[in-house]
Amino acid sequence: MIHLPDVGILSTRLGVAIVMLYAAWQNSKNAAGRQWTINNTALLFRFVPEDRRRSLAAPAAYVGLVMVWGGGISILLGLEPRLGAAALILFLSLGMLIHRVNRQDAMALGKAISDAAPPVAAKANELAWSAFGAHLAAGLKNVSMIGINVLFLLDGTGRFTLSDCIGRWWSSWMT
């Protein structure tokens, strides 16, 4: 007999895994994807002088990729999913900051283009608002994914879990 809560948890695990692993694949499959990832990670380090940003952004980007690959696989397989969920919560939280910077940059660039080239001001404004909206939606996706991963962190990923030593430790510590 099908137990609907198990189907719900499994489908949620699959959804989280698909989103995270597809993103990890796209951001690491070739040099262009890795460079894009490093450039976007550098947005987290705007408080650092520009000449040092790359030296911080590259290792941070690779740590982020490990977190996404590891977290996605962990949730998918139910292999210490609480650790995977914790990694994804941190990654998604930092991603929200990057989306916020990208929203601000989109609006500033749209204004700069509008000011420099009044004939294309309407199109530049439309493009800026489109980018703003896309990054707003991506940031909100992160909020919902964080919520799902908080559930996985606190409650595990259901009975079809391969290993949850952290959960057993958590349960024994809480009682």
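Which residues does Asn 142 touch, not counting residues up to four places away in sequence? The legends below take up this question and others, view by view, for a predicted model.

**Figure 1. The whole chain is built from helices, with six helices and zero strands.** From the N terminus on, the elements run α-α-α-α-α-α. The chain has 175 residues, and buried residues make up 35% of them. Along its principal axes, the C-alpha trace spans about 65 × 40 × 35 Å. Take the contacts with a separation of 6 or more: 71% of them join residues 24 or more positions apart.

**Figure 2. Asn 142 sits in helix α5.** This helix covers residues 121-155. Asn 142 touches Leu 92, Gly 95, Met 96 and His 99, leaving aside residues up to four places away in sequence. Is Asn 142 buried or exposed? Its relative accessible area is 2%, so Asn 142 counts as buried.

**Figure 3. Arg 100 belongs to helix α4.** Its relative accessibility is 41%, so Arg 100 counts as partly exposed. Now find Ala 138. Arg 100 and Ala 138 are 38 residues apart in sequence. In space, their C-alpha atoms are 9.7 Å apart.

**Figure 4. Helix α2 has its buried residues on the same side.** The helix runs over residues 31-41. Its buried residues are Gly 33, Thr 37, Ile 38, Asn 40 and Thr 41. Why do they share a side of α2? They cover an arc of only 165 degrees around the axis, which puts them on the same side. On the other side, Ala 31 and Ala 32 are exposed. The buried residues of α2 pack against three helices: α1 (4-28), α3 (50-77) and α4 (81-116).

**Figure 5. Asn 30 caps the N-terminal end of α2.** Look for a side-chain oxygen of Asn 30. This oxygen lies 3.2 Å from the backbone nitrogen of Ala 32. Ala 32 is also one of the exposed residues of α2.

**Figure 6. Helices α1 and α2 cross at roughly 105 degrees.** Their axes come within 5 Å. The crossing angle makes α1 roughly perpendicular to α2. Which residues meet here? From α1 come Gln 26, Asn 27 and Ser 28. From α2 come Gly 33, Arg 34, Trp 36 and Thr 37.

**Figure 7. Helices α2 and α3 pack at an angle of about 115 degrees.** Their axes are 8 Å apart. The two helices are therefore roughly perpendicular to each other. The crossing of α2 past α3 is right-handed. On the α2 side, the contact is made by Arg 34, Gln 35, Thr 37, Ile 38 and Thr 41. On the α3 side, the residues are Arg 54, Ala 57, Ala 58, Ala 60, Ala 61, Tyr 62 and Leu 65. Thr 37, Ile 38 and Thr 41 are among the buried residues of α2.

**Figure 8. Glu 80 lies in the loop between α3 and α4.** What is the phi of Glu 80? The angle is near 50 degrees, a positive value in a residue other than glycine. Most residues other than glycine have a negative phi. Glu 80 has a relative accessible area of 15%, so this loop residue is buried.

Conventions:
Residues are numbered from 1 along each chain as its sequence is written. This is a predicted model: local features need pLDDT of at least 70, side-chain atom pairs count only at pLDDT 80 or more; totals for chains, interfaces and linings use all residues. Side-chain values use heavy atoms; hydrogens and water are left out. Buried means under 20% relative accessible area, exposed over 50%, partly exposed in between (1.4 Å probe, protein chains only). Helices (H or I, at least four residues) and strands (E, at least two) are DSSP runs, numbered from the N terminus. The arc is that of the directions from the helix axis to the C-beta atoms. Contact means heavy atoms within 4.5 Å. A polar contact is a pair of N or O atoms within 3.5 Å; within protein, one must be able to donate a hydrogen and the other to accept it, and residues adjacent in sequence count only if both atoms are side-chain atoms. Axes are lines fitted to C-alpha atoms, for helices over the stretch in contact, and angles run from 0 to 180 degrees between N-to-C directions. Angles under 35 degrees count as roughly parallel, over 145 as roughly antiparallel, 65 to 115 as roughly perpendicular and the rest as oblique. A crossing is left-handed if the near helix is turned anticlockwise from the far one by less than a right angle, and right-handed if clockwise.
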